[in-house]
Amino acid sequence: MDIEEDIRLINEVWGSEDNLHEFIDSELRRLGAIICGEAAKLPNFQVQPTEMASEIMGFSIGRSCAGRYEPDNGQCGTISLFAFTCTSESEVRTALAHELVHHWEVTNSSNTSDLPYPKEADTVIKSIFPDPNKEGRWRSGHSEAFVTKASVVAKVLGIPLEDFLVYRKRTTVK
Ligand SMILES: [Zn+2]
């Protein structure tokens with residue numbers, strides 16, 4: 001997808017880029033309160049062109065990432081969603097919630113150990129990555145604290161854990 005295709009997709013699904021940004025803004029506040037707490041500082045966000053995804057993530061990871069979170073020395077940090085993710089409200093919601101767990105991990109590192117690690121998550125992760133190298137690569141960016149928190153949040157939001165952990169293209173985009 002080049003930039004023109006990104007713009008066409010966004011206009012087709014959302015009507016305009018402004019509408020998409022409005023939706024992200026309100027979801028970020030709603031999900032941020034659920035995931036990080038009412039008082040938490042929320043990250044900034046941006047929608048990035050699809051072609052940035054392979055540049056940033058590398059082809060080896062490909063599209064298992066719908067976005068990324070960049071911490072900012074204890075500041076708010078930034079969530080980027082790639083345009084190809086923005087095919088529906090539920091895709092955007094899932095991607096935002098995933099990146100907010102990264103934000104939570106960076107900003108709440110002190111209290112990550114109060115929940116037990118969900119062993120059943122390992123079964124889910126192994127079924128997503130039958131190749132141990134790919135699993136290892138994914139795990140290097142997703143700690144046990146991340147998986148623990150993600151399991152809780154996915155349950156609260158009613159999102160299947162496998163969809164929450166890893167982005168897989170579910171909608172065909174022209
Ligand atoms: Zn992630």
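**Entry 1: a glycine after a helix.** I started at Gly-37, which takes a positive phi of about 100° just after helix α2. A reminder to myself: this is a predicted model.

**Entry 2: the helix before it.** I stepped back to α2 itself, which covers residues 17-36, 20 residues in total. From first C-alpha to last, α2 reaches 27 Å, close to the 28 Å expected at 1.5 Å a residue.

**Entry 3: its buried side.** Which residues of α2 are buried? I found Leu-20, Ile-24, Leu-28, Leu-31, Gly-32, Ile-35 and Cys-36. The spacing made me recall a handy rule: an α-helix has 3.6 residues a turn, so residues three or four places apart point the same way. I then looked up what these buried residues pack against, and the partners are α1 (3-14), β1 (44-48), α4 (89-107) and α7 (144-157).

**Entry 4: on to β1.** Since β1 is among those partners, I followed it next. Phe-45 and Val-47 point to one face and are buried. Asn-44, Gln-46 and Gln-48 point to the other face and are not buried. That fits the general pattern, in which side chains of a regular strand alternate between the two faces of the sheet.

**Entry 5: the neighbour of β1.** I checked how β1 meets β3 (residues 78-82): the two run parallel and are joined by five bridges. Asn-44 has Thr-78 as its bridge partner in β3, and Gln-48 has Phe-82.

**Entry 6: the whole sheet.** What is the order of the strands in the sheet? I read β1-β3-β2, an open sheet of three strands with mixed pairing. β1 and β2 (67-70) are the edge strands, each pairing on one side only. I noted last that the twist averages 20° from one strand to the next.

Notes
Residues are numbered from 1 along each chain as its sequence is written. This is a predicted model: local features need pLDDT of at least 70, side-chain atom pairs count only at pLDDT 80 or more; totals for chains, interfaces and linings use all residues. Helices (H or I, at least four residues) and strands (E, at least two) are DSSP runs, numbered from the N terminus. The expected span of a helix is 1.5 Å times one less than its number of residues. A residue is buried if 20 or more other C-beta atoms lie within 10 Å of its own, exposed if 12 or fewer, and partly exposed in between; C-beta atoms are placed from the backbone. Two residues are in contact if their C-beta atoms, placed from the backbone, lie within 7 Å. Two strands pair if DSSP finds at least two bridges between them. Axes are lines fitted to C-alpha atoms, for helices over the stretch in contact, and angles run from 0 to 180 degrees between N-to-C directions.
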